[in-house]
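This report looks at how side chains pair with one another in a single structure. Please view the sequence and the model before reading on.

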Amino acid sequence: MVAKKSEVSEAGIEQEKKGEFVKKTASKSVLIGAAFLMATSSIGPGFLTQTTVFTQQLAASFGFVILISLILDIVAQVNVWRIIAVSGLRGQEIANKVLPGLGVLLAIMIVIGGLAFNIGNVAGAGLGLNAMLGVDPIMGAIVSALFAIFIFIYKEAGKAMDKVAQIAGGIMILLMLFVAFKTSPPVGEAIVNTVWPKEISWFAIVTLVGGSVGGYITFAGGHRLLDAGIKGQESLPEVTKSSVTGILITGVMRIALFLAVLGVVTKGLVIDPANPPASVFQLAAGNIGYRMFGMIMWAAAITSVVGAAYTSVSFIRSFHPNIEKYHNWVIIAFIVISTTTFTLVGKPVNVLILVGALNALVLPLALGIILVAAHKKEIVGTYKHPRWLTVTGAIVVVLMGYLSIITLIEEIPKIFS
């Protein structure tokens, strides 16, 4: 009888260990998925064009821009992800606790910006399939939208989204590194200029930071972790690591594309201004390079479609019980509206310019809210936010806020010109 009890006890312990292992594995998968979701959300069609154009303008000095933008990105993301995890609240809920109604304003800015830019993401997916397979861009956009919709119809939508982000991110990084290798860039010169640049462009830094962690991307990974149940002070080491990993993944992509373009530029080859990133790949590896560009463009665009739709809708989930209950269908509606707009009226340039300028304000506003919330006991409880994160976060808020206002002043007149 004693032996049997012992066997039962050992079996129970073994079962408990297996359960803990499965739980830890699932948690690790979500953390990696959140990092890739944030990274691939930021690596859209605009990312490819920005990096190519700025490398043309600044040459090896663009390495310095990447370095500074990565530091600012990390400061912003670590602050945001930690407070979301500690509070157990989404961005709009934190904002409403800081100041009633502020969460509604933040949600409106995120949703409008996300919807407008998703039109561009859908267009990019269509162009990607066109370059890769020769498919008509409109048809390519529709097929891509159906692929994105299928992810959210699937019962385990969260896991599917994580997996798609990881696979697409991996493919993009490998292809980008291959092209960078093919162009044989002056790596030594790039390293020197990363530390001691010949030219500095603050506009390029602001553009990169806004494109990497601005708008809906600010909250993409943090909201994904929250939806997966990863929260509380005990999760902070993993949450912090995941946020930094997301930025580093973006950085690897940015550096690989920078080196590929630098290699083309230093050889004196002429990049087509009509489609700079596609031209780089074609110059580097001929027709195969152009097809590879199509694959990268499609992967970048489709993950941005998914990330923009998921995160934008996460900002209105708490506004009504039915939105929370049917949030996957609301995400699908978001994708359908973006795709329909593109197929019927094309890419609304004026709207994108205005929303792009407004979207630049999201990061300083959102990060400012987070920094205030970090020191409110009714939001974070007994948690003590590191002083260095508060100080560096405040620097990012002031810098991005000032430069974003300048961007607004410059961009709004263009709408009416």
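The sections below cover salt bridges first and aromatic pairs after them.

## Salt bridges in the model

The model is predicted. Across the whole structure, a search finds 5 salt bridges. Side chains of opposite charge can pair when their charged atoms come close.

One of these bridges is formed by the side chains of Asp227 and Arg90, with N and O 3.1 Å apart. Asp227 lies in helix H10, which covers residues 217-227, while Arg90 sits in the loop between helix H3 (62-87) and helix H4 (91-98), so the bridge ties together parts that are 137 residues apart in sequence. Arg90 has a relative accessible area of 10% and is therefore buried, since the cut-off is under 20%. Asp227, with a relative accessible area of 28%, is partly exposed.

## A second partner for Asp227

Asp227 also forms a salt bridge with Arg317, where the closest N and O atoms are 3.2 Å apart. Arg317 is in the loop between helix H12 (276-314) and helix H13 (321-325), whereas Asp227 is in helix H10, so this pair ties together parts that are 90 residues apart in sequence.

Arg317 counts as buried, at 8% relative accessibility. Arg317 forms a salt bridge with Glu324 as well, and here the closest N and O atoms are 2.6 Å apart. Glu324 counts as partly exposed, at 30% relative accessibility. Through shared partners, salt bridges join Arg90, Asp227, Arg317 and Glu324 into one network.

## Aromatic pairs

The count of aromatic pairs comes to 6. In one of them, the ring centres of Phe219 and Phe315 are 5.0 Å apart and the ring planes stand at 75°, so the pair is edge-to-face. Phe219 belongs to helix H10 and Phe315 to the loop between H12 and H13, so the two rings tie together parts that are 96 residues apart in sequence.

Are these two rings buried or exposed? Phe219 is buried, with a relative accessible area of 1%. Phe315 counts as buried too, at 0% relative accessibility. Elsewhere in the list of aromatic contacts, ring pairs link Phe54, Phe62 and Phe258 into a cluster.

## Helix H10 and the H12–H13 loop

Two of the contacts described above can be read together. The salt bridge of Asp227 with Arg317 ties helix H10 to the loop between helix H12 and helix H13. The ring pair of Phe219 and Phe315 likewise ties helix H10 to the loop between H12 and H13.

Notes
Residues numbered from 1 in each chain as written. Predicted model: local features only at pLDDT ≥ 70, side-chain atom pairs only at ≥ 80, totals over all residues. Heavy atoms only, no water. Salt bridge = Lys/Arg side-chain N within 4 Å of Asp/Glu carboxyl O. Helix = DSSP H or I, 4+ residues; strand = E, 2+ residues; numbered from the N terminus. Buried < 20%, exposed > 50% of the residue type's maximum accessible area, 1.4 Å probe, protein only. Phe/Tyr/Trp six-rings, centres within 6.5 Å; stacked < 30°, edge-to-face > 60°.
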